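Me: I would like a close look at a single part of this protein, its largest pocket, set against the background of the whole fold. Please take the surface first and then work towards the pocket.

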Amino acid sequence: MPDAARIAQAQALEVPVILQGAKTADQTGKRELFTENATTTLVFENGAVLNLRSKLVVGQAIFIHNQQNGREILCKVLEAPAEGQAGFTDLKFTTADPEFWHVNARQPEASAQNPLTAADKPETNQQPAAPRS
């Protein structure tokens, strides 16, 4: 599990993510690319804990893609289950991205349907023009 300082700022938040990376194949020893869909268990400003099927090792680098906002970041594995086992894995971002877990704010429907701003709207307190004869 993460250290005490990371646990103090953890949030229990389920975010759908896609992990991509390379791992060593069991029989051949060759590197194989993998992709796994997962959901976070805990999130931190600088990483997350996920329950994974993929067998990762400490120090391994993988990409994590946040499906809610489209952001992607490179992570390192801080802690993983015993070698060769799947389970809870602690990932830490290699660069800071405080907005990684934020969901993009959606534009309210009323604004989307009527894109005119107050500055664009015509003045309504003008007198109508007198009819010409």
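How much area does the protein expose, and what percentage of it do carbon and sulfur atoms supply? After that, which residues and elements line the largest pocket?

Reply: The model is a predicted one, and in it the protein exposes about 9300 Å², of which carbon and sulfur atoms supply 50%. Of its 133 residues, 30% count as buried, that is, they have under 20% relative accessible area. As for the fold behind that surface, the protein has two helices and seven strands, and from the N terminus on these elements run α-β-β-β-β-β-β-β-α. Among the contacts with a separation of 6 or more, 55% are between residues 24 or more positions apart.

Turning to the part you asked about, the largest pocket holds about 310 Å³ of space. Its lining is made up of 16 residues, and those closest to the centre of the pocket are Lys23, Thr24, Ala25, Asp26 and Lys55. Two or more lining residues come from each of strand 2, which spans 16-24, and strand 3, which spans 31-44; strand 2 gives the most to the lining, with three residues. In chemical character, the lining of the largest pocket divides into seven charged residues, five polar residues and four nonpolar residues. To bring the location and the chemistry together, the pocket has Lys23, Thr24, Ala25, Asp26 and Lys55 closest to its centre, within a lining that includes seven charged residues and to which strand 2 gives the most.

Key
Residues numbered from 1 in each chain as written. Predicted model: local features only at pLDDT ≥ 70, side-chain atom pairs only at ≥ 80, totals over all residues. Heavy atoms only, no water. Helix = DSSP H or I, 4+ residues; strand = E, 2+ residues; numbered from the N terminus. Buried < 20%, exposed > 50% of the residue type's maximum accessible area, 1.4 Å probe, protein only. Contact = heavy atoms within 4.5 Å. Areas by Shrake-Rupley, 256 points an atom, 1.4 Å probe, with all protein chains shown as cover. 1 Å grid on protein atoms, 1.4 Å probe; cavity = no way out; pocket = protein on both sides within 12 Å on 5 of 7 lines; lining within 4 Å. Points joined across faces, edges and corners; volume = space filled by probe spheres on them. Nonpolar A, V, L, I, M, F, W, Y, C, P; charged D, E, K, R; others polar.
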